[in-house]
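Subject: Structure for you to look at

Hello,

Here is the structure I said I would pass on. My notes follow it.

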Amino acid sequence: MKNGKRIRMPVASWESSVEEVLQESAKDSSAAADLPEPKEECDSVAIAVEEEQQRRRRRRQTGRRRLDTAASGGCRHTLPATPEEQFDDIRKIKLSCISNKSSPILEQTQQLASQRQHKNWVSFRLSSQAPSAPHEEELKLDELETKHFVLVHGGGFGAWCWYKTIALLEESGFEVDTVDLMGSGIHSSDTNSITSLPQYVKPLTDFLAKLEDGKKVILVGHDFGGACISYAMELFPSKVAKAIFVAAAMLTHGQSTLDTFTQQTGINDLMRKAQIFLYANGKDQPPTAIDLDKTLLKDLLFNQSTSKDVALASVSMRPIPIAPVLEKLSLSDTNYGSVRRFYIKTQEDCALPSLLQEIIISSNPPEQVFQLKGSDHSPFFSKPQSLHRLLLEIAKIPPSKVL
């Protein structure tokens, strides 16, 4: 009570206060023994004590917590669950103790309880009013060079493979576009009819050509998509703020994707087993496309991905046109070389092993290299959150100063 008003305490505060009071009372048990016992005890008190003992035994069976009171009569009381019931029961205990000729120890105990309850309440109010820890500074999109991502899929994939990354980036406030390259995803063209890299990349180059003057995007290329964004960087360097290669072919002048993926180490056995060459023009003509054995997809591309994503890929992937893979790129320092490049390396990759990625990086060093631990060849499936964080980190890198 304070100034005639009842102060409602939190449950934890009442419990801790009563427990502390009881502990103080236990310490003074020897002193209590020296005090004169009440001269008279009425039968109703004895009956009440017996009923409390029975009630205590029943509550012990149900696991309810018990608290001993410091009453001179030695009664015990179990606190109810709600603060209102606790307050009323404590008041009843005090009244019953007073009716049993309260002792000086009881009066001291009640005084300590009142002081501690007030102290706990003040502490609670101060902690609740204290300012919370500052939140991590939010990403300020307006201060970025661009907040527009364009995601380019790899060979056999489609725009569908980025569904997790799209959602995460859009939730962070970014603008996101994806493209289905020619003969990929839901694009209507026949993969076997594609005869050049410019033809295959046309949906991407058409998108960049329509981009407003002065506007830039961040290109993200996965796998064979690395060669596709390299080609686009050569054509539209002023529209590309950054290029991010995710377990991708990062070509140099005069290289083809096949050259990049097979340099020094050769094609790994699993990749060779998974490849199925398609001959749309007849067996006596060069192959037109490469398909992948669906039974080996998980081991090759999705060894760290969920079964649901593997199932999605198995019904969505399409053959890879072979002509663009064999085409050598013409890349200049003036155009392609003027765009800032970043590489994200996948550590548990079975399709593009870590050693081969290191060779790609050392042959054409980017500005920075980032590691994705625990990721297979498809981090947009196996490590979407980690990939998202790296994309944001790269997006926040300020523009390089022009000397």
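Ring pairs join F157, W160, W162, Y163, F302, F380 and F381 into one cluster. The model is predicted, and the structure as a whole holds ten aromatic pairs. One of them is F157 with F380: the ring centres are 5.7 Å apart and the planes stand at 80°, so this pair is edge-to-face. F157 sits in the loop between β3 (148-152) and α6 (163-171), whereas F380 belongs to helix α15 (residues 379-382), so the pair ties together parts that are 223 residues apart in sequence. Both F157 and F380 are buried. As you will know, a pair of aromatic rings is described by the distance of the centres and the angle of the planes.

Next, the backbone. Two residues that are not glycine have a positive phi: D223, at about 60°, and A247, near 45°. D223 is in the loop between β5 (217-222) and α8 (225-235). Its relative accessible area is 12%, and D223 is therefore buried, the cut-off being under 20%. A247 is in the loop that runs between β6 (240-246) and α9. With a relative accessibility of 0%, A247 counts as buried too.

The loop between β6 and α9 also contains Q255. Is Q255 buried or exposed? Its relative accessibility is 15%, so Q255 counts as buried. What does the side chain of Q255 reach at 3.1 Å? The partner is the backbone nitrogen of T252. The side chain of Q255 also makes a polar contact, at 3.5 Å, with the side chain of T260.

Helix α9 (257-262) comes up again in the packing of helix α14. Helix α14 covers residues 354-363, and its buried residues are L356, Q357, I359, I360 and I361. An α-helix has 3.6 residues a turn, so residues three or four places apart point the same way. You may want to keep that spacing in mind when reading the list of buried positions, which includes L356, I359 and I360. Which elements do the buried residues of α14 pack against? They pack against α9, β10 (340-346) and β11 (368-372).

That covers the ring cluster, the two positive phi values, Q255 and helix α14.

Regards

How values were computed: Residues are numbered from 1 along each chain as its sequence is written. This is a predicted model: local features need pLDDT of at least 70, side-chain atom pairs count only at pLDDT 80 or more; totals for chains, interfaces and linings use all residues. Side-chain values use heavy atoms; hydrogens and water are left out. Buried means under 20% relative accessible area, exposed over 50%, partly exposed in between (1.4 Å probe, protein chains only). Helices (H or I, at least four residues) and strands (E, at least two) are DSSP runs, numbered from the N terminus. Contact means heavy atoms within 4.5 Å. Rings of Phe, Tyr and Trp (its six-membered ring) pair if their centres lie within 6.5 Å; planes under 30 degrees apart count as stacked, over 60 as edge-to-face and the rest as tilted. A polar contact is a pair of N or O atoms within 3.5 Å; within protein, one must be able to donate a hydrogen and the other to accept it, and residues adjacent in sequence count only if both atoms are side-chain atoms.
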